[in-house]
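Work through these exercises with the model open beside you. Try each task before reading its solution.

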Amino acid sequence: MPNKAQEDAVINLKSVQDLSKQLGFEWTIIAYELGFTRAEIGQFHAAAVEKKAQARRMLECWYERSWNKLNKTKLLQDALERAGRKDLADILRCLHWGHQKLSNRVELPSAFPFLITVHKTINNRQGLKKINELSR
């Protein structure tokens, strides 16, 4: 189980804002899956015209509500999958996995090449070294 610092490295205000840019009409399904009521979803609709702005406000509100939950990455992944956005859930899963400490015995996911990119971008040399050792 990740610790709080590892979790926050994946789900933070910037990451939910970036995620909202990739959402369209399905944001309402995600909102429902994250526990928002119809009235709250209606308020997001009324606050902005564009779907991306509505999605952004919804995810920011969810983040504010969920900032102290240890499983918020999993909650968001599940909501994305149930709304038909497995592509975005997989990206979160890879980012989350990339922030974990690697043991000597680790099963590499099918998204292994993407993980190399993640490790290079977050400048995690120790983690990248461990992945390279395991792939030999």
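**Exercise 1. Count the helices and strands in the chain, and give their order.**

Solution. Start with the count: the chain has nine helices and zero strands. Helices here are DSSP runs of H or I with at least four residues, strands are runs of E with at least two, and both are numbered from the N terminus. Next, the order: from the N terminus, the elements read α-α-α-α-α-α-α-α-α. Keep the origin in mind: this is a predicted model, where local features need pLDDT of at least 70, side-chain atom pairs count only at pLDDT 80 or more, and totals for chains, interfaces and linings use all residues. Residues are numbered from 1 along each chain as its sequence is written, and side-chain values use heavy atoms, with hydrogens and water left out.

**Exercise 2. State what share of the chain is buried, and what share of its contacts is long in sequence.**

Solution. Take burial first: 40% of the 136 residues of the chain count as buried. Buried means under 20% relative accessible area, exposed over 50%, and partly exposed in between, with a 1.4 Å probe and protein chains only. Now the contacts, defined as heavy atoms within 4.5 Å. Among contacts in the chain with a separation of 6 or more, 60% join residues 24 or more positions apart.

**Exercise 3. Check the length of helix α5, then find its buried residues and their cover.**

Solution. Helix α5 covers residues 51-66, which is 16 residues. The expected span of a helix is 1.5 Å times one less than its number of residues. For α5 that gives 22 Å, and the end C-alpha atoms are 22 Å apart, so the two agree. Then list the buried residues of α5: Q54, A55, M58, L59, E60, C61, W62, Y63 and S66. Their cover includes α2 (13-20), α3 (27-33), α4 (38-47) and α6 (72-82). In α6 itself, K72, T73, L76, Q77, D78, A79 and L80 are buried. After α6 comes G84, with a positive phi near 85 degrees.

**Exercise 4. Describe how α2 packs on α5.**

Solution. Begin with the axes, which are lines fitted to C-alpha atoms, for helices over the stretch in contact; angles run from 0 to 180 degrees between N-to-C directions. The axes of α2 and α5 come within 8 Å and cross at roughly 155 degrees. Now classify the angle: under 35 degrees is roughly parallel, over 145 roughly antiparallel, 65 to 115 roughly perpendicular, and the rest oblique. α2 and α5 are therefore roughly antiparallel. Their crossing is right-handed. A crossing is right-handed if the near helix is turned clockwise from the far one by less than a right angle, and left-handed if anticlockwise. Then name the residues: L13, V16, Q17, L19 and S20 in α2 meet K52, A55, R56, L59, E60, W62 and Y63 in α5.

Take S20 of α2 as a close-up. S20 counts as buried, at 2% relative accessibility. Beyond its neighbours within four places in sequence, S20 contacts K52, A55, R56 and L59.

**Exercise 5. Do the same for α4 and α5.**

Solution. The axes of α4 and α5 come within 8 Å and cross at roughly 135 degrees. That angle makes α4 oblique to α5. The crossing of α4 and α5 is right-handed. On the α4 side, E40, F44 and H45 meet Q54, R57, M58, C61 and R65 of α5.

**Exercise 6. Find the aromatic pairs and classify them.**

Solution. A search of the whole structure gives two aromatic pairs. Rings of Phe, Tyr and Trp (its six-membered ring) pair if their centres lie within 6.5 Å; planes under 30 degrees apart are stacked, over 60 edge-to-face, and the rest tilted. In one pair, the ring centres of W27 and F44 are 6.2 Å apart and the planes lie at 75 degrees, so the pair is edge-to-face. This pair links distant parts of the chain: W27 sits in helix α3 and F44 in helix α4, 17 residues apart. W27 is buried at 0% relative accessible area, and F44 is buried at 8%. F36 and F44 also pair edge-to-face, 5.3 Å centre to centre with 80 degrees between the planes. F36 and F44 are both buried. Together, W27, F36 and F44 form one aromatic cluster.

**Exercise 7. Place I41 and list its contacts.**

Solution. I41 lies in helix α4. I41 is buried, with a relative accessible area of 12%. Setting aside residues up to four places away in sequence, I41 touches W27, T28, A31, Y32 and F36. The C-alpha atoms of I41 and A31 are separated by 7.1 Å, with their positions 10 residues apart along the chain.
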